[in-house]
Amino acid sequence: MAGVQSAVALREAGFTGPVTLIGAEPHQPYDRPPLSKAVLLGKAEDSAFDVDFEALDITLRLGLDVTALRAAEHVLDTVDGPVRYDALILATGAEPLTLPSTEGVPGVHLLRTLDDAARLRPVLDRQHDVVVVGAGWIGAEFATAARAAGCAVTVVEAAARPLAGTLPAEVAAPMAAWYAGSGAELLTGARVERVEEGAVILADGRTLPAGAVVVGIGARPATGWLAGSGVALGPDGSVTADSALRTSLPDVYAVGDCASFPSARYGTRLLVHHWDNALQGPRTAAAAIMAAESGAPLPVYDPVPYFWSEQFGRFVQYAGHHADADTLLWRGDGADATWSVCWLREGALAAVLAVGRPRDLAQGRRLIESGAALDPEKVADPAVPLKSTAL
């Protein structure tokens, strides 16, 4: 998404020079969210973007690994030789974390690429017993697909609850019941000792039969190849872009999952591993490249982060950043089919999580953008539209 949108955004911004899009995968550029849904369940063969690259005069170089960046020469080194650039946008995304000591063990899978989804489809078709390691967003989405395919599913989570690194305990607590409701077994506080062919052995000695093991324990920016390039990286491995998505090197920009950016709205640097960031950021990078040529003012990238997840028959949406919020307010009961949670910071909305309440999400996102002060009593009343809670 981030690479494709960068190339398209340059053309939309009026850039007329050559544009080359390099990708390590051999496939036509594709969208990732359908991989854990339609593609995985065989309802779609792929999720290629509906972009006419030829009409846009965008050169695709697919199946090409980039190995190094030589900034002083404005050159990328690739397995097919050097590629020169005038401006470079890094859109290398993130790579999934792997379980230690599982490399080469048959039946262990990740779900990040189209090839990953293709390898997992026969697993679901054969209705194997599946063990999912990690009860985060991707673990929940895969467990949903596996149950829909008729597989027996056990989800193993080292923390005491799902989404432990993402949501507060009281917000994540209702989500634990979603697993059992779908027929999946959720084991929390369970650490994987090792994985063998056909089995997952937990630290407490339990052995789980596993025709397949799917690992969903997070991802890190795919920036290892930038070592020694001079591109500044943060402790999390992300490229530390500025508010115009420029890196520490001249003429080099970074967008999407591989890049963090400073948010004036939240007073911190954000690393956002979600689709909407990969859609929005490239427009800023393209505008910054055009500004460098024309001398126009630099754009500022400070979005309200947004993502969604479809799991266990529910549509879950989130907007904002709740880390520094001082007030948490429920709109509805977490045991019900639909509910929302709002986080306030100094009286203004910082973030909203909506389960089956898309209007709360849409209205909340606009309130976050406006920074308006809200009436907490009205916010906590699910019958009051969020847009009517502003003071």
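1. Let's start with a pair of residues: the bridge partner of Glu196 in β13 is Ala199. Strands such as β13 are DSSP runs of E with at least two residues, helices are runs of H or I with at least four residues, and both are numbered from the N terminus. β12 and β13 (residues 199–202) pair in the antiparallel sense over four bridges, where pairing requires that DSSP finds at least two bridges between two strands.

2. A quick word on the model before going on. It is predicted, with local features needing pLDDT of at least 70 and side-chain atom pairs counting only at pLDDT 80 or more, while totals for chains, interfaces and linings use all residues. Residues are numbered from 1 along each chain as its sequence is written, and side-chain values use heavy atoms, leaving out hydrogens and water.

3. Back to that sheet: it is open, with three strands in the order β12-β13-β14 and antiparallel pairing. At its edges lie β12 (192–196) and β14 (207–209), each pairing on one side only.

4. Now look at β24 (339–345). Six of its seven residues are buried, meaning under 20% relative accessible area, with exposed being over 50% and partly exposed in between (1.4 Å probe, protein chains only). β24 pairs in the antiparallel sense with β23 (residues 327–331) over five bridges, and Trp343 in β24 is the bridge partner of Leu328.

5. What do β24 and β25 form together? They form a hairpin with two residues between the strands, and Glu346 in the turn has a positive phi of about 55°. Their antiparallel pairing runs over seven bridges, and Cys342 has Val352 in β25 as its bridge partner.

6. Cys342 also appears in the largest nonpolar core, which has 46 residues; Leu10, Ile89, Ala319, Cys342 and Leu349 touch the most other members. Such a core is a set of buried Ala, Val, Leu, Ile, Met, Phe, Trp, Tyr and Cys residues joined through side-chain atoms within 4.5 Å. Among the elements giving two or more residues to this core are α1 (2–12), β24 and β25. A second, separate core of 42 residues includes Phe142 and Val341.

7. Finally, follow Leu10 into its helix. Leaving aside residues up to four places away in sequence, Leu10 touches Phe15, Val19, Ile89, Ala286 and Ile289; contact means heavy atoms within 4.5 Å. In α1, ten of the eleven residues are buried, and these buried residues pack against β1, β2 (58–62), β6 (88–90) and α5. After α1 comes Gly14, with a positive phi near 100°.
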